[in-house]
Amino acid sequence: MHFLSQDLEDYIEQHSEKEPAHLAALNKETYQKILLPRMLSGHFQGRVLSMLSKLIRPKNILEIGTYTGYSALCLCEGMQKDGQLHTIDIKEELVDFQRKHFDKSAWGAQIVQHLGEGVNIIPTIDLKFDLVFIDADKENYLNYFELIVPKMNTGGIILSDNVLWSGKVVEPLQEKDMSTKVLLEYNKRLADDPRVETVLLPIRDGLTVSRVL
């Protein structure tokens, strides 16, 4: 679902920071070679992630859901020089594709890839995070949140993608639609949880910014 007209979306991109050349190349190769390329963060959302990271200046970043690595590279743009980004994905067939593009960037040595289920991997990472981006299986969003909050530094930011879920969050809930059901619970949790303060931004498919108190 497009919440804005294509003309408005084009206008927004034209009046935002330009997409860096290495990300444009990654974008193009994803559309040429990888299934479901619409999962890519893309130009506008990528520039939003980059800007937020530059404002936060995180030392340690966690990303849940790597896909082809576009959002990871955007988040790295604001990372401190001695920082690390840990990114988790379940798709083994994408690991080499991700690494190729990571190593072409300025942050290749600072990006740590994890292959497997996020709920199993997150507890094994012995770090405190300043910035987390959740963009994986929606059914586990609540589980990810509970695993992440204790690992956040005070003032750290949790970004949650796809929280409007093509507008389904305001439509009658279908009985078998577990993704929408969990996202409804997740959005309520973020709004009500005293450990965070949250604003939901209508960027693409919905992006929540939660600050850990």
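**Reading a predicted fold, feature by feature**

Colleague: How many helices and strands does the protein chain have?

Modeller: The protein chain has eight helices and seven strands. Keep in mind that this is a predicted model.

Colleague: What does the radius of gyration say about the protein chain?

Modeller: Compare it with the value for a compact globule. For 213 residues that value is near 17 Å, and the protein chain has 16 Å, so the two agree. Along the principal axes, the C-alpha atoms fill a box of roughly 45 × 45 × 35 Å.

Colleague: What share of the residues counts as buried?

Modeller: Buried means under 20% relative accessible area. In the protein chain, 51% of the 213 residues count as buried. The accessible surface comes to about 10900 Å². Carbon and sulfur atoms account for 55% of that surface.

Colleague: How do I read the contacts by distance in sequence?

Modeller: Start with contacts between residues at least 6 apart in sequence. Of these, 69% join residues at least 24 apart.

Colleague: And the charges: how far apart are the mean positions of positive and negative?

Modeller: There are 24 positive and 31 negative charges. Their mean positions are 4 Å apart.

Colleague: Now the interior. Which residues touch the most other members of the largest nonpolar core?

Modeller: A nonpolar core joins buried nonpolar residues through side-chain atoms within 4.5 Å. The largest one here has 29 residues. Leu 73, Leu 75, Leu 85, Ile 111 and Leu 159 touch the most other members.

Colleague: Which elements give two or more residues to this core?

Modeller: Among the helices, they are H2 (21-33), H3 (42-56), H4 (70-76) and H5 (95-104). The strands are E4 (129-134), E5 (152-161) and E7 (207-212). H4 gives the most, with six residues.

Colleague: What does Leu 73 touch, leaving out residues up to four places away in sequence?

Modeller: Leu 73 touches His 22, Leu 23 and Leu 26. Its other partners are His 101, Phe 102, Ser 105, Trp 107 and Ile 111.

Colleague: Which residues does the second core include?

Modeller: That core is separate and has 24 residues, including Ile 122, Phe 145, Leu 190 and Val 212.

Colleague: Take Val 212. Where is it found, and is it buried or exposed?

Modeller: Val 212 is found in strand E7. Its relative accessible area is 5%, so Val 212 is buried. Leaving out residues up to four places away in sequence, Val 212 touches a group that includes Met 152, Gly 155, Ile 158 and Val 196. Gln 113 is 99 residues from Val 212 in sequence, and their C-alpha atoms are 25 Å apart.

Colleague: Backbone angles next. What is the phi of Arg 57?

Modeller: Check the sign, then the residue type. Arg 57 has a positive phi of about 55°, although it is not a glycine. Arg 57 sits in the loop between H3 and strand E1 (60-64). Its relative accessible area is 41%, so Arg 57 is partly exposed.

Colleague: What is the phi of Asn 162, and where is Asn 162 placed?

Modeller: Asn 162 is not a glycine, yet its phi is positive, about 65°. Asn 162 lies in the loop between E5 and H8. With 14% relative accessibility, Asn 162 counts as buried.

Colleague: Last one. Where does Ser 166 lie, and why does Ser 166 count as partly exposed?

Modeller: Ser 166 lies in the loop between E5 and helix H8 (178-192). Ser 166 counts as partly exposed because its relative accessibility is 24%. Pro 37 is 129 residues away along the chain, with 16 Å between the two C-alpha atoms.

Definitions and conventions. Residues are numbered from 1 along each chain as its sequence is written. This is a predicted model: local features need pLDDT of at least 70, side-chain atom pairs count only at pLDDT 80 or more; totals for chains, interfaces and linings use all residues. Side-chain values use heavy atoms; hydrogens and water are left out. Helices (H or I, at least four residues) and strands (E, at least two) are DSSP runs, numbered from the N terminus. The radius of gyration is taken over C-alpha atoms; the globule rule is 2.2 Å times the number of residues to the power 0.38. Buried means under 20% relative accessible area, exposed over 50%, partly exposed in between (1.4 Å probe, protein chains only). Contact means heavy atoms within 4.5 Å. Accessible areas come from the Shrake-Rupley method with a 1.4 Å probe; for residues, only the protein chains shown count as cover. Lys and Arg count as positive and Asp and Glu as negative; His and the chain ends are not counted. The place of a charge is taken as NZ of Lys, CZ of Arg, CG of Asp or CD of Glu.
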